[in-house]
Amino acid sequence: AEHPSVELDGATVRGATAIPARVDSFLGMRFAQAPSGPLRFGAPVPVALEGVVDATAFGPAAPQLPAAE
């Protein structure tokens, strides 16, 4: 099956189509660099997109601490 794709900032973003709804989705797209080091507590810094970006699935879940009892 062919994946939906869009051109964005010089890169090709490849998504997925949900069946049977036939809805195109672009999942797990990073909008900013990780807020660590000098980027901590600052404004978001855009991610540079290059080549083909896979947006067919969500990324990993953020780690969570166990709930306090």
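This passage describes a three-stranded sheet, its salt bridge and a nonpolar surface patch in a predicted model.

Local features of this predicted model need pLDDT of at least 70 and side-chain atom pairs count only at pLDDT 80 or more, whereas totals for chains, interfaces and linings use all residues. Residues are numbered from 1 along each chain as its sequence is written, and side-chain values use heavy atoms, with hydrogens and water left out.

Three strands form an open sheet of mixed pairing, in the order S1-S2-S5. S1 and S5 (52–54) are the edge strands, each pairing on one side only. Direction ignored, neighbouring strands of the sheet are turned by 30° against each other on average. Strands are DSSP runs (E, at least two residues), numbered from the N terminus, and two strands pair if DSSP finds at least two bridges between them. Axes are lines fitted to C-alpha atoms, and angles run from 0 to 180 degrees between N-to-C directions.

S1 and S2 are antiparallel and are joined by four bridges. Within this pair, Val6 stands opposite Val13 in S2. The hairpin of S1 and S2 has two residues between the strands, and Asp9 takes a positive phi near 55° there. S2 (residues 11–14) and S5 run parallel and are joined by three bridges.

On the S2–S5 side, Thr12 stands opposite Val52 in S5. Val52 is exposed, at 62% relative accessibility (buried, under 20%; exposed, over 50%; partly exposed, in between; 1.4 Å probe, protein chains only). Apart from neighbours within four places in sequence, Val52 is in contact (heavy atoms within 4.5 Å) with Thr12 and Arg14. Val52 and Gly10 are 42 residues apart in sequence, with a C-alpha to C-alpha distance of 9.6 Å.

One salt bridge (a side-chain nitrogen of Lys or Arg within 4 Å of a carboxyl oxygen of Asp or Glu) was found in a search of the whole structure. Arg14 and Asp54 form a salt bridge, in which the closest N and O atoms are 3.3 Å apart. The pair links distant parts of the chain, with Arg14 in strand S2 and Asp54 in strand S5, 40 residues apart. Arg14 is partly exposed at 30% relative accessibility, and Asp54 is partly exposed at 47%.

Val6, found in strand S1 (residues 5–8), is partly exposed with a relative accessible area of 38%. Together with Leu8, Phe26 and Met29, Val6 makes a nonpolar surface patch of about 290 Å². Patches are made of residues with over 30% relative accessible area and no salt bridge; nonpolar side chains (Val, Leu, Ile, Met, Phe, Trp, Tyr) are joined within 5 Å, and like charges within 9 Å. Accessible areas come from the Shrake-Rupley method with a 1.4 Å probe; for residues, only the protein chains shown count as cover.
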